[in-house]
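Subject: Structure handover

Dear colleague,

I am passing on the structure we spoke about, and I would be glad if you could open it beside this message and follow along as you read.

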Amino acid sequence: MTERITFESRRVGQIEVLADDIVVFESLPGFPGRTRFVVMEHSDDAELAWLVSLDDADLAFVVASPWSF
C-alpha cells in the first residue's frame with residue numbers, strides 16, 4: 001500500500017497525495033531547499049497544471065505539456 005501525504009498549500013489548499021506521485025528535483029535555480037513537488041491538474045482535459053512545492057506552502061509554478069503548444 002502506498003503512503004499518503006497530506007500538506008497545506010496556500011495556492012490550492014489542503015492536498016493529499018500518494019508518495020509515489022512526488023517529483024524530486026536535485027535543485028531548482030533560485031529555490032534552494034525546495035526539492036519535493038507534486039503536479040496538480042486543474043481537470044483531465046486542462047493544458048495547464050500546478051507544480052506545487054511540498055517544502056514551501058507559498059511556492060507553486062504553472063506548468064504545461066510542451067505537446068499542447
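Below I describe what was found, beginning with confidence, then the sheet, and then two single residues.

Please keep in mind that this is a predicted model. The mean pLDDT of the protein chain is 87, and 99% of its residues reach 70 or more. Among the elements of the chain, the highest mean pLDDT, 94, belongs to β3, whereas β1 has the lowest, at 86.

The sheet is a good place to start looking. Four strands make up an open sheet, in the order β3-β4-β5-β6, and their pairing is antiparallel. At its edges lie β3, residues 23-24, and β6, each of which pairs on one side only. As general background, the strands of a sheet pair through backbone hydrogen bonds, either parallel or antiparallel.

If you go through the sheet in that order, you come to the pairing of β3 with β4, which is antiparallel and rests on two bridges; here Val23 has Phe37 in β4 as its bridge partner. Strand β4, residues 36-41, is then joined to β5, residues 48-53, by five bridges, and these two strands run antiparallel. They form a hairpin, with six residues between them, and within this pairing Val39 has Leu51 of β5 as its bridge partner. Five bridges also join β5 to β6, residues 60-64, again with the strands running antiparallel, and the hairpin that connects β5 to β6 passes through six residues. Leu51 is worth finding on your screen, since besides being the partner of Val39, Leu51 is bridged to Phe61 in β6.

Two residues show how differently a side chain can be placed. Is Ser9, which belongs to strand β1 (residues 4-9), buried or exposed? Ser9 has a relative accessibility of 2%, and because buried means under 20%, Ser9 counts as buried. Leaving aside residues up to four places away in sequence, Ser9 touches Ile15, Val52 and Ala57.

Phe69, by contrast, is found in the segment after β6. Its relative accessibility is 70%, and because exposed means over 50%, Phe69 counts as exposed. Together with Leu48 and Val62, Phe69 forms a nonpolar patch on the surface, and the accessible area of these residues together is about 340 Å².

With best wishes

Methods
Residues are numbered from 1 along each chain as its sequence is written. This is a predicted model: local features need pLDDT of at least 70, side-chain atom pairs count only at pLDDT 80 or more; totals for chains, interfaces and linings use all residues. Side-chain values use heavy atoms; hydrogens and water are left out. Two strands pair if DSSP finds at least two bridges between them. Buried means under 20% relative accessible area, exposed over 50%, partly exposed in between (1.4 Å probe, protein chains only). Contact means heavy atoms within 4.5 Å. pLDDT is the predictor's confidence in each residue, from 0 to 100. Patches are made of residues with over 30% relative accessible area and no salt bridge: like charges are joined within 9 Å, nonpolar side chains (Val, Leu, Ile, Met, Phe, Trp, Tyr) within 5 Å. Accessible areas come from the Shrake-Rupley method with a 1.4 Å probe; for residues, only the protein chains shown count as cover. A salt bridge is a side-chain nitrogen of Lys or Arg within 4 Å of a carboxyl oxygen of Asp or Glu.
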